[in-house]
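Student: I'm new to this structure. Please walk me through it with a few questions and answers.

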Amino acid sequence: MPSFLRYSLLSLWLALSLSSCVQEYLPAVISDDNNYLVVDGFINGNGVTSVSLTRSLQLAAKGTYPPETRAVVFIESASNQRYALKEATPGVYTSPTQVLPANQNYRLYIRTATGREYASDFTPLKTTPAIDAFGGRPQAGGLQFYISAHDDQSQTRYYRWQYEETWEFTSAFRSTVVYVNNRVVPRTDNIYNCWRTEKSTSLNTTSTVRLSQDAVRDYRLLFIPATAGRLRSKYSILVRQYGMSQAEFDYWEAVKKNTENIGTLFDPLPSQIQGNVHCLSDAQEPVLGFVGASTVVERRIFIDRIDLPNDWPTNLDGYENCIGLDTFPSMRWKGLTLQEYFASPEERIPVSVNGPFYTSQSPACVDCRLRGTTTKPSFWP
């Protein structure tokens, strides 16, 4: 992923900088006006191919990574078949759902709006085997997710997983009223029940090359502490499994080492990460990224709070500091009108009305939309 590549460059700078205790060392990578193409994605043999194209920034630069827009992007087969990708959002190019012919080699071809051409190396389309088992097992301190898979034909050998977590949650307080036009009236919208989705940021790869069988048994994919708010109500995780070539596996292993193994001055220096995307217009121009080709196998599971140990705490998922409600009128707000009290909705939201008294809290404790969405996911039961 582009973020891993950028973190690797940052780790390299830190390792070199810390090697001198006498004077500050600013390597050229900090100030070089780099504008390299970053390619993030893979060729999906049985679904939608999505590829993100951005441009690199200096390590000291701030802001978002510039998207590479208005490019022409194709999946190309070694037999000269082309499958077009269209720009869905700035810098993100997607294909329709499609099934690519097996037993062929594919690559990604890119032509930018300025006419520069790029392409990945041709790579065989790997057929990913099925997921044998996937689930979470409660153990001391939390929930451990395991995944297992195998290939009877021993054609996979290299595996990678990504996952996407979704969970249901509520804000600390339910607001039943809303302040509108100097009046507190019943609320008709939902700002209490929400869902949140996060994609994995870790690299999960393994190889069975040194095993007698092409089988992965109980790979530790993810551990969630018992105190995590994600497990407070209902939780779901979608895992995607990919078969890889050895070259792709070696690439992700290098990225993993550069992002995880730099801790002390005595650790090995980061290695150079060599992807498989090249500039056809200028062979000397660096390009960041690796484009593999495989089918994808996925599985989703749900976990309810009642499925977990009763003694696990029900964490408030970031609402720990939301204690108690403010009351108006009170001595604290003596002299203010209702309009003055609710003048800034970004500071105070009414929660309830009890006779002449109004209770309120900050939006961070009442409006769950600040941490998620009130739109129920289509897959949610």
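Student: Let's start with Arg 230: does this residue count as buried or exposed?
Tutor: The cut-offs come first: buried means under 20% relative accessible area, exposed means over 50%, and partly exposed is in between, using a 1.4 Å probe and protein chains only. Arg 230 has a relative accessibility of 18%, so the residue counts as buried.

Student: And what pLDDT do local features need here?
Tutor: Residues are numbered from 1 along each chain as its sequence is written, and side-chain values use heavy atoms, with hydrogens and water left out. This is a predicted model: totals for chains, interfaces and linings use all residues, side-chain atom pairs count only at pLDDT 80 or more, and local features need pLDDT of at least 70.

Student: Back to Arg 230: which residue forms a salt bridge with it?
Tutor: A salt bridge here is a side-chain nitrogen of Lys or Arg within 4 Å of a carboxyl oxygen of Asp or Glu. For Arg 230, the closest N and O atoms of the pair are 2.6 Å apart. The partner counts as buried at 5% relative accessibility. That partner is Glu 165.

Student: How many residues apart are Arg 230 and Glu 165?
Tutor: Helices (H or I, at least four residues) and strands (E, at least two) are DSSP runs, numbered from the N terminus. Glu 165 sits in strand 14 (residues 158-170), while Arg 230 is in the loop between strand 19 and strand 20 (234-243). The salt bridge therefore links distant parts of the chain, and the two are 65 residues apart.

Student: Which residue does Asp 132 meet in a salt bridge?
Tutor: Asp 132 is partly exposed at a relative accessible area of 34%, and its partner is exposed at 55%. Asp 132 is in strand 12 and the partner is in strand 19, 85 residues apart. With 3.5 Å from N to O, the partner is Arg 217.

Student: How many salt bridges does a search of the whole structure find?
Tutor: One of them joins Glu 198 and Arg 196, with the closest N and O atoms 2.9 Å apart. Both residues are partly exposed: Glu 198 at 31%, Arg 196 at 29%. Salt bridges that share partners also join Glu 76, Arg 82 and Arg 107 into one network. Over the whole structure, the search finds 14.

Student: What is the order of the open sheet of 3 strands?
Tutor: Two strands pair if DSSP finds at least two bridges between them. Strand 12 (131-139) and strand 19 (215-225) are the edge strands, because each pairs on one side only. Strand 12 and strand 13 (residues 142-150) run antiparallel with 8 bridges, and Arg 137 stands opposite Gln 144. The pairing in this sheet is antiparallel, and the order is 12-13-19.

Student: Over how many bridges do strand 1 and strand 4 pair?
Tutor: Strands of a sheet pair through backbone hydrogen bonds, either parallel or antiparallel. One bridge joins Gly 41 to Val 51 in strand 4. Strand 4 also pairs with strand 7 (residues 92-94) in the antiparallel sense over 3 bridges, with Ser 50 facing Thr 94. Strand 1 (residues 37-41) and strand 4 (residues 50-55) are antiparallel too, and their number of bridges is 5.

Student: How far apart are the end C-alpha atoms of helix 3?
Tutor: The expected span of a helix is 1.5 Å times one less than its number of residues. Helix 3 (residues 246-260) has 15 residues, so the span should be 21 Å. Its buried residues include Phe 249, Tyr 251 and Trp 252. The model agrees with the expectation, as the end C-alpha atoms are apart by 21 Å.

Student: What is the phi of Asn 80?
Tutor: Most residues other than glycine have a negative phi, and most peptide bonds are trans. Asn 80 lies in the loop between strand 5 (72-77) and strand 6 (82-89), and it is exposed at 70%. Although Asn 80 is not a glycine, its phi is positive, about 75 degrees.

Student: Which residue does a cis peptide bond join to Phe 328?
Tutor: The omega of this bond is about 0 degrees. The partner lies in the loop between strand 25 (326-328) and helix 4 (338-341). That residue is Pro 329.
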